[in-house]
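Here is a friendly walk through one part of a protein model, from its inside to its surface. Keep the structure open beside you as you read.

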Amino acid sequence: RSHTRSAAAYVTSCGRLQIINTPGSNAMSDSLEQNTWIAYALNYAPVSLILLVVRADVRMDNTVSFVQTYAERFVDLLDLVCVCVTHMDVVKWDADSLLPYLCDELGIDSVIF
């Protein structure tokens, strides 16, 4: 369940960095409304990075599948996609073993753990 209900823009005091937090596109309810907020964020100003946040799964292939599901929505903007993998402390595989799969299978080489 997404706790973010609408898009919110945050700008640094110098004005050089702007982050727009949107509801997750994986939410079970109100998906049309949440997709509208994502579209709003993409059209708000020029986009330099799309950060996809996914939770690490016990099985690494499930994590790759989660990334693929979300990345497919931004296939035309894949060069802007960066993946943030959370909950790495609960899995037995490490970041170095995931990177080749994301790069080779999905073409994503920008990952934060």
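## Core, strands and surface

The largest nonpolar core has 23 residues, and among them Val83 and Val85 touch the most other members. Elements giving two or more residues to this core are β3, α2 (60-71), β4 (81-86) and α3 (95-106). Of these, α2 supplies the largest share, with 5 residues. Please bear in mind that this is a predicted model.

What does Val85 contact beyond its neighbours within four places in sequence? Its partners there are Val54, Ala56, Thr63, Leu98, Val111, Ile112 and Phe113.

Now for the strands. β3 and β4 run parallel to each other and pair over 6 bridges. One place to look is Leu52, whose bridge partner in β4 is Val83. That links Leu52 to one of the two residues that touch the most other members of the core.

β3 covers residues 50-55, and its two faces are set out here:

| Face of β3 | Residues |
|---|---|
| Covered | Ile50, Leu52 and Val54 |
| Uncovered | Leu51, Val53 and Arg55 |

Val54, on the covered face, is among the contacts of Val85. Val53 lies on the uncovered face. Is Val53 buried or exposed? Val53 counts as exposed because its relative accessibility is 51%, and the cut-off for exposed is over 50%.

On the surface, Val53 joins Leu49, Leu51 and Ile112 in a nonpolar patch. Together these residues have about 360 Å² of accessible area. Ile112 belongs to this patch and is also in contact with Val85.

Methods. Residues are numbered from 1 along each chain as its sequence is written. This is a predicted model: local features need pLDDT of at least 70, side-chain atom pairs count only at pLDDT 80 or more; totals for chains, interfaces and linings use all residues. Side-chain values use heavy atoms; hydrogens and water are left out. Patches are made of residues with over 30% relative accessible area and no salt bridge: like charges are joined within 9 Å, nonpolar side chains (Val, Leu, Ile, Met, Phe, Trp, Tyr) within 5 Å. Accessible areas come from the Shrake-Rupley method with a 1.4 Å probe; for residues, only the protein chains shown count as cover. A salt bridge is a side-chain nitrogen of Lys or Arg within 4 Å of a carboxyl oxygen of Asp or Glu. Helices (H or I, at least four residues) and strands (E, at least two) are DSSP runs, numbered from the N terminus. Buried means under 20% relative accessible area, exposed over 50%, partly exposed in between (1.4 Å probe, protein chains only). A nonpolar core is a set of buried Ala, Val, Leu, Ile, Met, Phe, Trp, Tyr and Cys residues joined through side-chain atoms within 4.5 Å. Contact means heavy atoms within 4.5 Å. Two strands pair if DSSP finds at least two bridges between them.
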